[in-house]
Amino acid sequence: MDADTVQDDLINILFTEEQIQGRLGEMAKQIEADYEGRDLLVVGVLRGAIMVIADLTRAMDRHVEIDWMAVSSYGSGTTSSGVVRILKDLDSDLHGRHVLIVDEIIDTGLTLSWLVANLSSRGPASVEIATLLRKPEALQMPVEPKYVGWDIPNEFVVGYGLDYRERYRNLRDIGTLAPHVYS
């Protein structure tokens, strides 16, 4: 979906599809270099990370295994509920594996902080985080991603996997959602 289709719902476009693809390509090259000679298990955080994982891993010139986990700390609104729930667990055994958690955004850090602790307890060789977006001003829990696409202001953003009430995920760009949509 093009931004023109929902232009009245957006304040502005933060990143275009072309900018996103370019940044993910840069991140993919860094990840390849850092994990050279090691097997890598990429763990996607459903649902938002689908677009990021698809394009990040396609930009790599190596084999990676992908698994998915669904956790939630959001209700249907725009703020974290404060409670993390596992909706779908991994199918892979993590023991001795190099794990890279990929998410589309770090907001409060609550979900990823919990997820890192949970996956680290399963005996992996390493656990790192890659995220396309991070909101430093919104952080409530310490989360140290190894790979960050961009830091953004503490605004509600949609597109490229990011949603509001399951809408806007298929928007090719990332934009700031207008308050009239969610107020």
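This is a short tour of a predicted model, going from one helix to a set of parallel strands, then to one serine, and ending at a separate sheet.

**Stop 1: helix α1**

Select residues 17-34, which form helix α1. The helix has 18 residues, and at 1.5 Å a residue they should span 26 Å. Check the distance between the C-alpha atoms at its two ends: they are 26 Å apart, which agrees with the expected span. Now colour the buried residues of α1, which are I20, L24, G25, M27, A28, I31 and E32.

**Stop 2: strand β6**

Move to residues 126-134, strand β6. How many of the 9 residues of β6 are buried? The count is 8, so the strand is largely enclosed by the rest of the structure.

Add residues 98-106, which make up strand β5. β5 and β6 run parallel and are joined by 8 bridges. To look at one of these pairings, pick L100 and find its bridge partner E128 in β6. Next, follow the chain out of β5: it passes through helix α3, residues 110-120, before it reaches β6. This β-α-β crossover is right-handed.

Then show residues 147-151, strand β7. Here β6 pairs with β7, again in the parallel sense, over 4 bridges. Select L133 together with W150 of β7, since these two residues stand opposite each other.

**Stop 3: S126**

Stay in strand β6 and centre the view on S126, which belongs to this strand. Is S126 buried or exposed? Its relative accessible area is 18%, and buried means under 20%, so S126 counts as buried.

Display side chains around S126. Its side chain makes a polar contact with the side chain of H98, at 2.8 Å. Leaving aside neighbours within four places in sequence, the residues in contact with S126 are Y35, R97, H98 and V99.

**Stop 4: the sheet of β1, β9 and β8**

Finally, hide the parallel strands and select β1 (10-15), β8 (157-158) and β9 (residues 174-177). They form an open sheet of 3 strands in the order β1-β9-β8, with antiparallel pairing. Which strands stand at the edges? They are β1 and β8; each has a single partner strand, so one side of each is left without a neighbour in the sheet.

Zoom in on β8 and β9, which run antiparallel and are joined by 2 bridges. For the last selection, take V157 and its bridge partner in β9, T176.

Technical notes:
Residues numbered from 1 in each chain as written. Predicted model: local features only at pLDDT ≥ 70, side-chain atom pairs only at ≥ 80, totals over all residues. Heavy atoms only, no water. Expected span 1.5 Å × (residues − 1). Buried < 20%, exposed > 50% of the residue type's maximum accessible area, 1.4 Å probe, protein only. Pairing = 2+ DSSP bridges. Right-handed = clockwise from strand over helix to strand, strands pointing away. Polar contact = N/O pair within 3.5 Å; in protein donor to acceptor, adjacent residues only side chain to side chain. Contact = heavy atoms within 4.5 Å.
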